[in-house]
Amino acid sequence: MSAHAAPRRGGHGHGHGGGDPNHLGHGDTPISEQGPASKRIVVAYGFWIFLLSDFIMFSGFFAAYAVLVGETAGGPGGRDLFELPLVAGETALLLLSSFACGMAGIAMHARSTKWFQVAMAATALLGAGFLALELYEFLHLIGEGAGPGRSAFLSAFFALVGCHGVHVALGLAWLTTMMAQVWTKGFREDIDRRIACFMLFWHALDIIWVALFTVVYLLGAGAAA
């Protein structure tokens with residue numbers, strides 16, 4: 001009896017344990033000894049670390065702005081300079097670009113090259129529109145004598161908002177590269193990983209902009225009330 005029971009127990013553990021959710025985590029080999037993680041997991045983990053470092057950098061810019069927001073050197077403050085309708089337009093363009101980026105991700109999983117390219121092109125156009133409005137805002141402020149050298153407040157403002165704008169510009173360059181790679185090489189595993197990282201990056205820029213829009217523009221323009 002015992003001679004037949006042992007092989008059956010061992011066979012159950014090796015043959016069926018992997019497919020039975022009741023046996024997950026109870027195999028003979030611990031997870032820590034099952035070999036390295038897949039390339040997709042390693043890349044995603046590394047990119048999340050990069051994004052966290054980027055958030056930390058932006059936290060420093062936000063902290064500097066919070067300290068210097070009142071240091072106008074007798075010049076104009078946010079309530080005198082910020083045009084909320086213009087900034088609302090920027091916000092709408094960036095949020096819509098994030099939606100289009102999500103649609104591109106769905107098209108990638110569906111392996112639809114056509115709709116992927118359409119969605120990414122929409123993302124690029126909306127992102128470029130956001131940058132155009134931001135550039136117009138900067139040039140308008142500088143033309144009114146409210147450039148970054150006017151006061152510590154404006155230096156902090158241009159540094160924070162400008163840093164986000166540089167990230168958007170780099171994201172657009174990355175986006176066009178991904179479109180070209182899918183067009184010439186199709187949906188390969190390595191390209192899928194790069195697209196997934198780009199989408200994380202683009203959505204992170206949206207999160208940062210929402211915080212920036214609230215802290216800098218809404219609170220700044222409302223300071224007059």
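This is a short guided tour of a predicted model, with a suggestion at each stop for what to select next.

**Helix H4**

Begin by selecting helix H4, which covers residues 84–109. Its 26 residues should span 38 Å at 1.5 Å a residue, and because the C-alpha atoms at its two ends are 38 Å apart, the expected span and the model agree. Then add Arg111, which comes just after H4 and takes a positive phi of about 60°.

**The nonpolar core**

Next, turn to the largest nonpolar core, which has 51 residues. Select Phe116, Phe157, Trp209 and Tyr217, since these are the residues with the most contacts inside this core. If you colour the helices separately, you can follow how H2 (39–68), H4, H5 (113–143), H6 and H7 each supply at least two residues of the core. Which helix gives the largest share of it? That share, 15 residues, comes from H7.

**Tyr217 and its partners**

Now keep Tyr217 selected and show what surrounds it: leaving aside residues up to four places away in sequence, Tyr217 touches Phe82, Leu84, Val87, Glu137, Phe157, Val161, Trp209 and Leu212.

**Aromatic pairs**

Show the rings of the aromatic residues, among which the count comes to 16 aromatic pairs. One of them joins Phe157 and Tyr217 in an edge-to-face arrangement, with 6.0 Å from centre to centre and 85° between the planes. This pair links distant parts of the chain, for Phe157 sits in helix H6 and Tyr217 in helix H7 (residues 189–221), 60 residues apart. Both Phe157 and Tyr217 are buried.

For a second pair, select Phe198 and Trp202, whose rings are tilted, at 5.7 Å centre to centre and with 35° between the planes. Because they are four residues apart in helix H7, Phe198 and Trp202 are separated by about one helical turn. Phe198 has a relative accessibility of 0%, so it counts as buried, and Trp202 is buried too, with a relative accessible area of 1%.

To see how ring pairs join up, select Tyr65, Phe82, Phe130, Phe138, Phe153, Phe157, Phe158, Trp209 and Tyr217 together, as ring pairs link these residues into a cluster.

**Ala169**

Finish at Ala169, which lies in helix H6 (residues 152–185). Is Ala169 buried or partly exposed? Its relative accessible area is 37%, and therefore Ala169 is partly exposed. Add Ala124 to the selection and compare the two separations: Ala169 and Ala124 are 45 residues apart in sequence, and their C-alpha atoms are 9.9 Å apart in space.

How values were computed. Residues are numbered from 1 along each chain as its sequence is written. This is a predicted model: local features need pLDDT of at least 70, side-chain atom pairs count only at pLDDT 80 or more; totals for chains, interfaces and linings use all residues. Side-chain values use heavy atoms; hydrogens and water are left out. Buried means under 20% relative accessible area, exposed over 50%, partly exposed in between (1.4 Å probe, protein chains only). Rings of Phe, Tyr and Trp (its six-membered ring) pair if their centres lie within 6.5 Å; planes under 30 degrees apart count as stacked, over 60 as edge-to-face and the rest as tilted. The expected span of a helix is 1.5 Å times one less than its number of residues. A nonpolar core is a set of buried Ala, Val, Leu, Ile, Met, Phe, Trp, Tyr and Cys residues joined through side-chain atoms within 4.5 Å. Contact means heavy atoms within 4.5 Å.
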